[in-house]
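Load the model, show it as a cartoon, and keep the selection prompt open. The stops below are meant to be taken in order.

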Amino acid sequence: MTGRRTAFGLAYKNARRNKKRTFYLVLMIAVPVLVAVVTSTILRLSEVTPEEQALVDFGGANVEVGLRNLTPESELWVESKIDELAPDASRLEYRARWQRFAPREAGQFVDLDLANPLTEGLLGLTRGRAPVAANEVAVSEHVASLLGLAIGDVALFDSFSATEFEVVGLVSHPVFWNVNTVVVTPAAMDDYDSRLGSDQVSRLFLLVDDDAAFSYSFATAWDSARYSFYPQDREWPAPEEYQAVPEEYYAVMTIEQLDEFTSTLESQGFEAAWGYLDTLGLDLLLGQIPFTYANARSESFWHDDSVLNSGPAIGTAVAAGILVEVAFIAAAAFATGTRRRLREIGLMGANGASAAHIRTTLISEGVLIGLGGGLAGSLVAFVLVVAGRPLLQELATRRINEFPFSPLDVLGPIVVAVVASSVAAFLPARTASTVPTLTALQGRMPVKAPKTWVTPLGLTVAAFGTLLFAVGLAGFDFRATAVSVIGVVAMLGGVAMLAGPIVARVSRRAERFPVTSRIVLRDSGRQRTRAAAAVAATMVIVVAPIVALAALKQTEASEQIFGLGPDNLQVLVTGVYDGREGVTELGPEVVSAVRATVPEAKSAVFDSLDVPIVFSAELAADPDDLLSTSYQNRSPFRMAVASEELLTLLDDDELRAALERDGVALIGVESRMTRIEIDGTVTTVDEVPLGVQRRSFPRVVVTPEKAGDYDEFSARTTMLVEFEQSWSDRMNLFNDPAQPLYVLTVDGNSLQMHGTAHPDISSAALITLVFLATLVVVLIVVATVTSLSAAESDSDLLTVVAVGATNSVRRRYLGLQSGLHTLIGCVLAAPLTLLLLHTFYNSAQSGDRRLGNFGVYDASQLIVPWEGLAALVIGLPLVVGVVTAAVVRSAPLSPLRRPT
């Protein structure tokens, strides 16, 4: 016991003496623990038990009946069926509407009776009283905090005729905090229905004796009776030729539309057929179909109570995943510290310390640093959680009524931190404890012969992985894919084990290089274990950016079959949705309102024509091949009439030249002549690479004179709005100044807009981001390995300088060495990672093929990101080497004297 206490005492003193290294290691371990603890806290506060979820869904009832668009006849049927199945049931009925009540917030308006006992669990009155007059409301605490409301204040809700409401009460949810609910009176909801129509889903809650029997009987009865309440000009059930049409669409579509849908389904697939439905604008008609359902409380209980899915378990897993790489880096740092303490270790041995005592001392330092990092990360997490409780409440699902910090959130990450740090210290400790005392007193770590079993084991693992990969390729199911993936991972592990022999092989060519490079190669070959650690660490790190670059390339290719994305934020405004008559024309007053709302944006007004257009990729596609067509092909916005405003906004000389020459042009992905079909006539037009909204902007542009050839097709006034924003601004999808358009109303009605409110982030920008993130992590690894290298090679470098070499040889040496290790790691990781990705895409994504305006995307084919790989494999080692050489110091002009 005394020996262990002494070992811990020495470890504590050494940690205090080497403050910079200790701080570095504690910080590296504290950050993953901090992330894990905060993650665990958020997840724990988002867990809802089955009982709580049932309370949320049903309140004090045990049956929920949903009602939508009931006619007087169907409503009478529902009431009579409930009286028949549960004559003594307690009832609670209310209506709900989702509406926007603030620029960035939407919520639910309900006419809920807060005095009914069945509301327990739905909402509860916490302050004030329930509304009784049509101009009174009770708001949830979250709405009150968002709008800065208190009891007695006036709230504005434009959806109601009485725009000013007095807040008379505050309500809260017993489980959830961020509930946006406004309680109004039935009279206010009646007024809403009379103005905008009744298409919301009402909810009816019942308390019955046997909820499962009730819901089954009610649902069965409705399945038998519902056809009698559907439109009577239809055959019910639907004929066989229309079985693929959704029931509610079948009820409102014309026979011509039904035939077009089935024809599109047979010739072009489900996605194209569903896209055709989107173009019909049937939303208002669909709201006329009666619908009802019943859910039972006893049948709704579902909860994954696995310990592995709990917040603390996931937080511990997060810590473990991050600390695996941290332990690898920390091992090099511990090795550096051990190397610098060799004389101290020799003195310990000379004074009678055993190998076990030396090993325990060094491992104890790892335990102390791991414990310190774990406690530091937990302490910072504690401060962040407590100080940031309002923000945490927004991130968490549950209402935080108690102290949000739990010991279970901390225990797992701290244990993982201690284990990771101890493992990182174990190998250097074991090595140092075996150094003879006299050798340690000289301060030089003996160079041991490489383990003879490493090479054959690495070859065996790599060969076994290759065999698994080949076996997996011979299969076609999920298990075969899993075998292939395991095979490639094994190949990665085997090649990582061969990093040492590979470095040694490279070092044999040292005589062909200049003096500094020769020293680097020979030293790497001599210290191949240390070099192999740097190479293996780099391999592990580089896998992630290669996967990210490949995923980016796949996404880019999948989107470019629909065209190039815009460089700036673009929104297409096509009309005004008034809630009753559908979308009305985009008039001058709307255009003026849009321009006044976003005066800093560019805008252009033009006509779009609903002209049938078949693009080049569709013309070349095999109709028997099961390819899904894009939604854009079925969009009514197919042809744009080039107004001067539009051409000025697009600002492309090639587009102007094509229009002046032929009167028609295609906005596509590259400069070429392209065949398309316009209104049944195949023609060849100029394709111009220009970024616009992929899914909504008309791709064919014609001059006003050429548009006269298509005057029989309906035209719609359209407005393109474009915002110039920096790349960082685009990260927020609803960042100002684009947001005002989404809350702009004209005479109380909202705009109809198409496309996203953000442009695509360019490939170059994402590649740069991935490269910089990888560079930071690799530099952390290189910093520790370079420190170890300097500790072991400085004496040699000082001697070289003393006999005539320039004093900058140390900087060049360390820069070349770090660049060499990074280069070998990148070269080894790149092909194996691509092989892994090829296996995944070829198997997991098989069958996913999409047809767009400008080509076919096959998700099973890996698209190699050559530009990104070149930047990574060539640029990363170069930058790492230059940065390393720039930050280390030159060797002194004369060797340091050793104390005697």
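A residue is called buried under 20% relative accessible area, exposed over 50%, and partly exposed in between. By that scale Asp-223, at 44%, counts as partly exposed. The model on screen is a predicted one.

**Stop 1: a salt bridge beside a helix**

Select Asp-223 and Arg-226. Their side chains meet in a salt bridge, 3.2 Å from N to O. Arg-226 has a relative accessibility of 14%, and with the limit for buried at under 20% it therefore counts as buried.

Now select 211-225, which is helix α7. Its 15 residues should span 21 Å at 1.5 Å a residue, and the end C-alpha atoms are 21 Å apart, so the two agree. Colour Asp-211, Phe-214, Ser-215, Phe-218, Ala-221, Trp-222 and Ala-225: these are the buried residues of α7. Look down the axis of α7: the buried residues fall within an arc of 140 degrees, so they line one face of the helix. An α-helix has 3.6 residues a turn, so residues three or four places apart point the same way. Which exposed residues does the face of α7 turned away from its buried side carry? They are Tyr-216 and Ser-224.

**Stop 2: other salt bridges**

The structure holds 16 salt bridges. Side chains of opposite charge can pair when their charged atoms come close. Select Asp-83 and Arg-91, whose side chains meet at 2.5 Å, N to O. Asp-83 is partly exposed, with a relative accessible area of 41%, and Arg-91 is also partly exposed, at 33%.

Next select Glu-670 and Arg-672, a salt bridge in which the closest N and O atoms are 3.1 Å apart. Glu-670 is partly exposed at 40% relative accessible area, and Arg-672 is partly exposed at 30%. Then add Arg-95, Asp-111 and Asp-190, which are joined into one network by salt bridges that share partners.

**Stop 3: strand β7 and its partners**

Select 164-172, strand β7. Seven of its nine residues are buried, so β7 is largely enclosed by the rest of the structure. Add the paired strands one at a time:

- Residues 124-128 are strand β4, which runs antiparallel to β7 and is joined to it by four bridges. Gly-128 has Gly-169 as its bridge partner in β7.
- Residues 136-140 are strand β5, which pairs with β7 in the parallel sense over five bridges. Ser-140 has Val-171 as its bridge partner in β7.
- Residues 154-156 are strand β6, antiparallel to β7 and joined to it by three bridges. Val-154 has Glu-166 as its bridge partner in β7.

**Stop 4: a strand with two faces**

Select 291-296, strand β10. In a regular strand the side chains alternate between the two faces of the sheet. The covered face of β10 has Thr-292, Ala-294 and Ala-296, while the uncovered one has Phe-291, Tyr-293 and Asn-295. Add residues 63-68, strand β1: six bridges join β1 to β10, and the two run antiparallel. Gly-66 stands opposite Tyr-293 in β10.

**Stop 5: the largest nonpolar core**

Select Val-535, Val-542 and Ile-546. These residues have the most contacts inside the largest nonpolar core, which has 35 residues. The elements that give two or more residues to this core are α19 (478-497), α20 (499-507), α21 (515-526), α22 (528-560), α30 (809-844) and α31 (866-887). Which of them gives the largest share? It is α30, with 12 residues.

Centre on Val-542. Neighbours within four places in sequence aside, Val-542 is in contact with Cys-826, Ala-829, Leu-872 and Leu-876. Apart from this core lies another, of 20 residues, including Leu-572, Ala-604, Leu-649 and Val-692.

**Stop 6: a loop residue**

Finally, select Ser-643. Where is Ser-643 found? It sits in the loop between β16 (639-641) and α25 (644-650). With neighbours within four places in sequence left aside, Ser-643 is in contact with Val-605 and Phe-606. Add Pro-704 and check the C-alpha to C-alpha distance to Ser-643: the two are 7.5 Å apart in space and 61 residues apart in sequence.

Conventions
Residues numbered from 1 in each chain as written. Predicted model: local features only at pLDDT ≥ 70, side-chain atom pairs only at ≥ 80, totals over all residues. Heavy atoms only, no water. Core = buried A, V, L, I, M, F, W, Y, C linked by side-chain atoms within 4.5 Å. Buried < 20%, exposed > 50% of the residue type's maximum accessible area, 1.4 Å probe, protein only. Contact = heavy atoms within 4.5 Å. Pairing = 2+ DSSP bridges. Expected span 1.5 Å × (residues − 1). Arc of directions from axis to C-beta. Salt bridge = Lys/Arg side-chain N within 4 Å of Asp/Glu carboxyl O.
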